[in-house]
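Here's a quick tour of a protein model, written for someone who would rather look at side chains than at statistics. Have the viewer open as you read.

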Amino acid sequence: MATPNLDDFAHFATVAAAGGFRAAAQNKNLSASSLSEAVRRLESDLGVRLLNRTTRSVTPTEAGQRLLDRLTPALEELAHAADDLVTESGQVSGTLRLNVPGIVAWHILPPIAARFLVAHPGIRMEVTTQDELVDVLAAGFDAGVRYDECIDRDMIAVPIGPRRQRFACVAAPAYLDRHGTPRHPQDLAGHQRLGHRFASGRLAAWDFERGNRRYRIAPDGPLIATSMQMEIAAAVAGLGIAAGFEEFFAAELTRGTLVEVLSDWMEPFPGPSLYYHSRRLMPAPLRAFIDFIRTDDAN
C-alpha cells in the first residue's frame, strides 16, 4: 500500500461532509476535478473504494465511513493546532467559530464579543447565526450558544449574557384602540396574530404561563415572516399583535410605538449558555473566551 498524502485525506473528508465534489469545491475554493483526483488517488493508495458516486449524490462507503469516523476528529485537532500557539506577547491566537441563534447575535453577543476581541487581539471570531438546532461539532464550530432545553447532556454549558429573559406580546396603540386589549391568552382568538417561521419551516407558537395554567397559541394573521424586523414593522403599522423575545421590541416599547399586552402571562426563563463538547480537546481561543465570559460576568 502506498503512503497516502495528508492533503488527500483532508480533501476526502471535505467531499464527504459536503455530499458532493461541486459543493466541496465551492466551500474550499478549489476545482471539483482536483478534489475528484485527490479522492481517486487516496482510494488507489489505500486499495479500497471510499465513496459511492451517483449523478445525484456522493456518499461514503462502509469503509469510507469508518475512515471518516476516525479521520474527522484528527483533522479537527490539526486545524486547531495553530490555535494553541501563543504570540510573543503572550496572547492567544487563532480563530473561534461560534454558532448562535438570532436573539444572541443581535442583542447579547455583540458587546461581549467587542470586549473580548479588544482583550485578545490575536483572536478572530467567526459567528454564524442559525436559529434551528445543529450539531455544532459536525458543522465545524468550536461551540454554540443555546438555551438549556436545547443543550445535550454530554455538553458543558457556561452561562453567557442575561441570567433571566422573557418573551413579550406587543401591539401598536392604534391597533388596540380598534380591536381592544386582550386580557387573557384565550382572547387572542379574536385578534390578528403575526407569525414567525424559522428557517427549518417550523412556525413559532406562542406560550403563556401563569402559575399552573399554560396556553399555547398558534399565530394566525395577515403576515408570517422569517424576519423579526419585518414582524416588528408590521406590528408598528397596526397589522396585528407580535410576539418574541422582549429585547426585540425594546426600542419600540421605549418610544411608545408598541405597547406590551398580557405581560402577567409572560414568566421569566433562564438565559442562554455557551456550550461545548465535554470530551473534546479545547482549542485555545475557546478556552480564552470561556475564561473571559466567566470573569466578565463577575465584574
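What follows is a walk through a few helices and then some single residues.

Keep in mind that this is a predicted model.

**Two helices that cross**

Let's begin with α1, which covers residues 6–18, and α3, which covers residues 32–46. The two helices pack at an angle of about 115 degrees, and their axes sit 9 Å apart. Their crossing is left-handed. On the α1 side, the contact uses D8, F9, H11, F12 and V15, and these meet L35, A38, V39, R41, L42 and L46 of α3. Sort the residues of this contact by type and you get 8 nonpolar, 1 polar and 2 charged.

Which residues of α1 are buried? They are D8, F9, F12, A13, T14, V15 and A16. In α3, the buried set is L35, S36, A38, V39, L42, E43 and D45. So the charged D8 turns up on the buried list for α1, while E43 and D45 are on the one for α3.Both helices also pass a simple length check. With 1.5 Å for each residue, the 13 residues of α1 should span 18 Å, and the end C-alpha atoms are 19 Å apart, which agrees. For α3, the 15 residues should span 21 Å, and the end C-alpha atoms are 21 Å apart, which agrees as well.

What comes after each helix? α1 is followed by G19, with a positive phi near 75 degrees. α3 is followed by G47, whose phi is also positive, near 75 degrees.

**A helix with a buried face**

Now move along to α6, residues 109–119. Its buried residues are L109, I112, A113 and F116. Looking down the axis of α6, you'd find these buried residues within an arc of 95 degrees, so they line one face of the helix.

**Single residues worth a click**

Back in α1, try A16. At 13% relative accessibility, A16 counts as buried. Leaving out residues up to four places away in sequence, A16 touches L51, P60 and L68. The C-alpha atoms of A16 and T59 are separated by 6.4 Å, with the two positions 43 residues apart along the chain.

R210 belongs to strand β10, residues 206–210. Not counting its neighbours within four places in sequence, R210 is in contact with D264, W265 and E267. D296 is another matter: R210 and D296 are 86 residues apart in sequence and 34 Å apart in space, C-alpha to C-alpha.

L262 is found in the loop between β14 (259–261) and β15 (269–270). L262 is not a glycine, although its phi is positive, at about 55 degrees.

Finally, A237 is in the loop between α8 (228–236) and β13 (242–245). From A237 to F248 is 11 residues in sequence and 16 Å in space, C-alpha to C-alpha.

Here is how these four residues come out on accessibility.

| Residue | Relative accessibility | Class |
|---|---|---|
| A16 | 13% | buried |
| R210 | 28% | partly exposed |
| L262 | 5% | buried |
| A237 | 60% | exposed |

Methods: Residues are numbered from 1 along each chain as its sequence is written. This is a predicted model: local features need pLDDT of at least 70, side-chain atom pairs count only at pLDDT 80 or more; totals for chains, interfaces and linings use all residues. Side-chain values use heavy atoms; hydrogens and water are left out. Axes are lines fitted to C-alpha atoms, for helices over the stretch in contact, and angles run from 0 to 180 degrees between N-to-C directions. Helices (H or I, at least four residues) and strands (E, at least two) are DSSP runs, numbered from the N terminus. A crossing is left-handed if the near helix is turned anticlockwise from the far one by less than a right angle, and right-handed if clockwise. Contact means heavy atoms within 4.5 Å. Ala, Val, Leu, Ile, Met, Phe, Trp, Tyr, Cys and Pro count as nonpolar, Asp, Glu, Lys and Arg as charged, and the others, Gly among them, as polar. Buried means under 20% relative accessible area, exposed over 50%, partly exposed in between (1.4 Å probe, protein chains only). The arc is that of the directions from the helix axis to the C-beta atoms. The expected span of a helix is 1.5 Å times one less than its number of residues.
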